[in-house]
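Visitor: Could you walk me through reading a few side-chain features in this model? I would like to start with the cysteines.

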Amino acid sequence: MLPVLVAAIAALAVSHARALDRDSPANAPAAGSRGSLKPSPAPSTPDRASWRTTMSPSRSAPRNTAEGFGRYFPKEFSRFLRFAAGSLHETKNHLQHARDRGYLSPADHERLTRLTIRCIRANSRLLQYLAQC
């Protein structure tokens with residue numbers, strides 16, 4: 001059962017990071033070409049640094065999940081899943097901030113927030129499972 005749960009949470013986390021990266025304004029080739037996302041601010045602006053800050057925790061969650069799985073012991077795996085959970089909650093907060101700043105449309109915010117919440121729930125359930133090991 002554990003490998004199935006690990007695969008599920010890893011897939012959700014990777015999917016989450018890819019969705020955020022794909023929808024990043026930094027990946028928009030031209031203004032308006034990504035639908036509701038605004039074009040990326042210039043690299044030297046504070047907003048550009050803010051977007052990198054937003055992306056960091058979304059990339060950290062799958063890394064921590066993978067590293068914890070590689071430790072092979074439930075107690076250590078749980079420790080890294082807690083780090084991943086913190087990153088996912090931080091991502092949820094950054095998504096709200098990105099919507100408030102106008103980087104995300106309400107529809108994009110809703111979609112990415114739902115994905116983040118799915119990752120949080122999967123992470124939580126895996127932690128519950130590991131607590132019984």
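Guide: Happily! Cys119 is buried, at 3% relative accessibility; buried means under 20% relative accessible area, exposed over 50%, and partly exposed in between, using a 1.4 Å probe and protein chains only. Cys133, by contrast, is exposed, with a relative accessible area of 54%.

Guide: A word on the source: this is a predicted model, where local features need pLDDT of at least 70 and side-chain atom pairs count only at pLDDT 80 or more, while totals for chains, interfaces and linings use all residues. Residues are numbered from 1 along each chain as its sequence is written, and side-chain values use heavy atoms, leaving out hydrogens and water.

Visitor: How many disulfides does the structure hold?

Guide: A disulfide is a pair of cysteine sulfur atoms within 2.5 Å. Here there are zero.

Visitor: And how many aromatic pairs does a search of the whole structure find?

Guide: Rings of Phe, Tyr and Trp (its six-membered ring) pair if their centres lie within 6.5 Å; planes under 30 degrees apart count as stacked, over 60 as edge-to-face and the rest as tilted. The search gives two pairs. Phe69 and Phe77 are edge-to-face, with 5.9 Å centre to centre and 65° between the planes. Phe69 is partly exposed at 39% relative accessibility, whereas Phe77 is buried at 3%.

Guide: Phe80 and Phe83 also pair edge-to-face, at 5.6 Å centre to centre with 85° between the planes.

Visitor: What separates Phe80 and Phe83 in helix α3?

Guide: About one helical turn, because they are three residues apart in helix α3 (residues 74–101). Helices are DSSP runs (H or I, at least four residues), numbered from the N terminus. Phe80 is buried, with a relative accessible area of 6%, while Phe83 is partly exposed at 39%.

Conventions
Helices (H or I, at least four residues) and strands (E, at least two) are DSSP runs, numbered from the N terminus.
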